[in-house]
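Here is a short report on one protein model. Look at the sequence and the structure first, then read on.

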Amino acid sequence: MAPPKRNLLATAQETSSPPASLDDGHAIALVRGAQGKNLYLVELPSNNKPLLVQLASRFRSQIWIKRGGYVLVDTTTFLGRDNKLDGEIVNVVRDEKEWRKQSYWPPEFVKKSSYPEDSDEEESIVGKMPPTDDSEGED
């Protein structure tokens, strides 16, 4: 039997808005990829070493996380245990625009433009007519 739809809607509502402040041990991380069932490889802004984190049970089979997305990770969850997990995903950034407005958003995660700004390359000829024989070189 499928889980009730109200659980899915409650989870989606919870992740749609960012918290007012982050608790100790919580950090925003960039998802690098999935490593198995409910396990993800993430990268913290202050640390270039990837961390293996587990998706919280309330998100399993309800919210999917894509590579390149952002999540809120609790790094204090598995401190007492002796295993490979470095933390737990406690929230998923769905409305990235709202999250970026918060004061705790890391400056290392700057939104990159998909268009190159000032390239030193030659002017593009895309969408222009080819030169005519008259304008190429008159002797």
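Strand 4, residues 70–74, is mostly covered: five of its five residues are buried. The model is a predicted one. Side chains in a regular strand alternate between the two faces of the sheet. In strand 4, Y70, L72 and D74 point one way. V71 and V73 point the other way.

**Partners of the strand**

Strand 4 has pairing partners on record here, set out below with the residue pairs that involve V71.

| Partner of strand 4 | Sense | Bridges | Residue opposite V71 |
|---|---|---|---|
| Strand 1 | antiparallel | five bridges | A29 |
| Strand 5 (residues 87–92) | antiparallel | four bridges | V92 |

**Two residues in strand 4**

What does V71 touch beyond its neighbours within four places in sequence? The contacts are A27, I28, A29, V31, V42, I65, I89, N91, V92 and V93.

V73 also sits in strand 4. Is V73 buried or exposed? V73 counts as buried because its relative accessible area is 0%, and buried means under 20%. Leaving aside neighbours within four places, V73 is in contact with G25, H26, A27, A29, V42, V53, G87 and E88. L30 lies 43 residues away from V73 along the chain. The C-alpha atoms of V73 and L30 are separated by 9.8 Å.

**The cores**

Nonpolar side chains tend to be buried together in soluble globular proteins. The largest nonpolar core here has 16 residues. Y40, V42, V53, I65, V71 and I89 touch the most other members. Strand 1, strand 2 (39–43), strand 3 (51–55), strand 4 and strand 5 each supply at least two residues of this core. Strand 3 gives the most, with three residues. A second, separate core has 10 residues. Among them are L30, L72, V93 and W105.

**The largest pocket**

How much space lies in the largest pocket? About 400 Å³. The pocket is lined by 22 residues, and L30, G68, G69, Y70 and E96 are the closest to its centre. Strand 1 (26–36) and helix 2 (96–100) are the elements that give two or more residues to the lining. By type, the lining divides into 10 nonpolar, three polar and nine charged residues.

Some residues recur across these topics. Y70 belongs to strand 4, where it is buried, and is one of the residues closest to the pocket centre. L30 is another of those closest residues, and is also included in the second core.

Notes: Residues numbered from 1 in each chain as written. Predicted model: local features only at pLDDT ≥ 70, side-chain atom pairs only at ≥ 80, totals over all residues. Heavy atoms only, no water. 1 Å grid on protein atoms, 1.4 Å probe; cavity = no way out; pocket = protein on both sides within 12 Å on 5 of 7 lines; lining within 4 Å. Points joined across faces, edges and corners; volume = space filled by probe spheres on them. Nonpolar A, V, L, I, M, F, W, Y, C, P; charged D, E, K, R; others polar. Buried < 20%, exposed > 50% of the residue type's maximum accessible area, 1.4 Å probe, protein only. Pairing = 2+ DSSP bridges. Core = buried A, V, L, I, M, F, W, Y, C linked by side-chain atoms within 4.5 Å. Contact = heavy atoms within 4.5 Å.
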